[in-house]
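Me: I am new to this structure and should be grateful for a close look at one internal space and its surroundings. Please treat the matter in one connected account.

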Amino acid sequence: MDPYLRVDDLRVSFTATDGVVRAVDGVSLSVARGRTLAVVGESGSGKSAAALAVLGLHDPRRSTVTGRITVGGRPLVGRPETEVRRLRGRDMAVVFQDPLSALHPYQRVGRQIAEAYRVHHPRAGRAETRRRVVEMLDRVGIAQPERRFDQYPHEFSGGMRQRAMIAMALVNEPALLVADEPTSALDVTVQAQILELLADLQAESGTAILLITHDLGVVAQIADEVLVMYAGRAVEQGAVEQVLGRPRHPYTWGLLGGVPSLHGDADADLTPVPGHPPSLVDVPPGCPFHPRCGHAARVGERCRTERPEPRPEAAGHRSACHLSDEERARHHAEHAVRTGPIR
Ligand code: SF4
């Protein structure tokens, strides 16, 4: 399947008060129509910076974006802002984490979605636009969509606001949806409903979804492929069954150690990754994970001096680590890394 979104060797940097932030450092990924790629990592791993670059939402005066991004075969990097804006909304759209700050508090929800529709359908009349918005509100599961059209964001619950944001993102039927932590601000029940909604809408229209999340439970529920990011780099990527079922990178082991499993021991302690992610102004040399990695001592000097390049593990599965295959197979066997759904 040809990817709808293709990113090759993406690098994003910008200047902050304490130096140059290398937010994304050579990331490549692709997403085909009807598929979901989850980009996972802690805060500061560069996953949101990568998503903003895909959307062409970086401030060109402050940041530098290099590499190749193609959306539906059209290159994005270096394209004039007016053309990127035309693609945004029509060919690709975004759902952010916090719908309350994304929606204008003083404008009726229906009018805000209508505005997004009319940007790309300037000839659409009032009646047609309203019909389309009501249809979208209904499609994302908002009851009484006619009445809800005229309500303000504060009259919607958190889950309804996120549904409205999804309606706004999909009103022009984009082929690519970038969802940046779309369920982080929601309770678990509403979160499950929103993920189900995204999956249903994807099944109907074949949208490619680039999902940014720190939550491996969300990944297990909705993703087809996973890319794990650390310090702006891709450290592991592959099919969801490969990365969650047979992870090969110590950082992925660490992330999985911090979430409960349906198949694990219910009384077992959760062990989050020790320490904190590095500053992207001053990334450690060698493998950037080495100051936090419990396996670095087995490899020795190499972890501190030599950057590990991604290497193939199995078809479509890659990871960037100096540990030998035997060491990693032993870890997998000893720790019975989970192979089932995450609770
Ligand atoms: Fe740990 Fe070394 Fe592998 Fe990095 S390369 S994850 S420090 S073992």
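**The second largest cavity and its surroundings**

Reply: The lining of the second largest cavity consists of 10 nonpolar residues and 1 charged residue, with no polar residue among them. The model under discussion is a predicted one. The cavity has a volume of about 50 Å³. Its lining is made up of Val-7, Leu-10, Val-27, Leu-29, Val-39, Lys-47, Ala-50, Ala-51, Val-54, Leu-210 and Ile-212.

Which elements supply at least two residues each to this lining? They are strand 1 (3–16), strand 2 (19–32), helix 1 (47–55) and strand 8 (208–213). Of the contributors, helix 1 gives the most, with 4 residues.

Helix 1 therefore merits separate attention, since 7 of its 9 residues are buried and the rest of the structure largely encloses it. The buried residues of helix 1 are Lys-47, Ala-49, Ala-50, Ala-51, Ala-53, Val-54 and Leu-55. Several of these names recur from the cavity: Lys-47, Ala-50, Ala-51 and Val-54 also belong to its lining. In an α-helix there are 3.6 residues to a turn, so residues three or four places apart point the same way. After helix 1 comes Gly-56, which has a positive phi near 70°.

The stretch of chain that leads into helix 1 is also of interest. The side chain of Glu-42 forms a salt bridge with that of Arg-292, at 3.0 Å from N to O. Glu-42 belongs to the loop between strand 3 (36–40) and helix 1, while Arg-292 belongs to the loop between helix 11 (250–257) and helix 12 (296–299), so the pair ties together parts that lie 250 residues apart in sequence. Are Glu-42 and Arg-292 buried or exposed? Both of them are buried.

Strand 1, another contributor to the lining, also contains Asp-9. This residue is joined with Arg-11, Asp-25, Arg-233 and Arg-307 in a network of salt bridges. Asp-9 counts as partly exposed because its relative accessibility is 37%, and partly exposed covers the range between under 20% for buried and over 50% for exposed. As an indication of distance within the model, the C-alpha atoms of Asp-9 and Ala-192 are separated by 33 Å, the two residues being 183 apart along the chain.

These contacts belong to a wider set, for the whole structure holds 28 salt bridges. One of them is local: Glu-81 and Arg-85 meet through their side chains at 3.4 Å, N to O. Both residues lie in helix 2 (residues 81–90), where 4 residues, or about one turn of the helix, separate them. Glu-81 is partly exposed, at 37% relative accessibility, and Arg-85 is likewise partly exposed, with a relative accessible area of 48%. A further salt bridge joins the side chains of Arg-298 and Glu-327, at 2.9 Å from N to O. This pair links distant parts of the chain, as Arg-298 lies in helix 12 and Glu-327 in helix 14 (residues 325–335), 29 residues apart. Arg-298 counts as partly exposed at 48% relative accessibility, whereas Glu-327 is buried, with a relative accessible area of 18%.

A comparison with the other internal space completes the picture. How many cavities of 30 Å³ or more does a search of the whole structure find? There are 2. The largest cavity holds about 80 Å³ of space, and the ligand sits in it. Its lining comprises 14 residues, with Cys-287, Cys-293, Cys-303, Cys-321 and His-322 nearest its centre. That lining divides into 10 nonpolar and 4 polar residues, with no charged residue, whereas the lining of the second largest cavity includes 1 charged residue and no polar one. The residues around the ligand include His-249, Pro-250, Phe-289, His-290 and Leu-323. By class, the shell around the ligand has 8 nonpolar residues, 3 polar residues and none that is charged.

Technical notes:
Residues numbered from 1 in each chain as written. Heavy atoms only, no water. Near = heavy atom within 4 Å. 1 Å grid on protein atoms, 1.4 Å probe; cavity = no way out; pocket = protein on both sides within 12 Å on 5 of 7 lines; lining within 4 Å. Sits in = over half its atoms within 2 Å of the grid points. Nonpolar A, V, L, I, M, F, W, Y, C, P; charged D, E, K, R; others polar. Points joined across faces, edges and corners; volume = space filled by probe spheres on them. Salt bridge = Lys/Arg side-chain N within 4 Å of Asp/Glu carboxyl O. Buried < 20%, exposed > 50% of the residue type's maximum accessible area, 1.4 Å probe, protein only.
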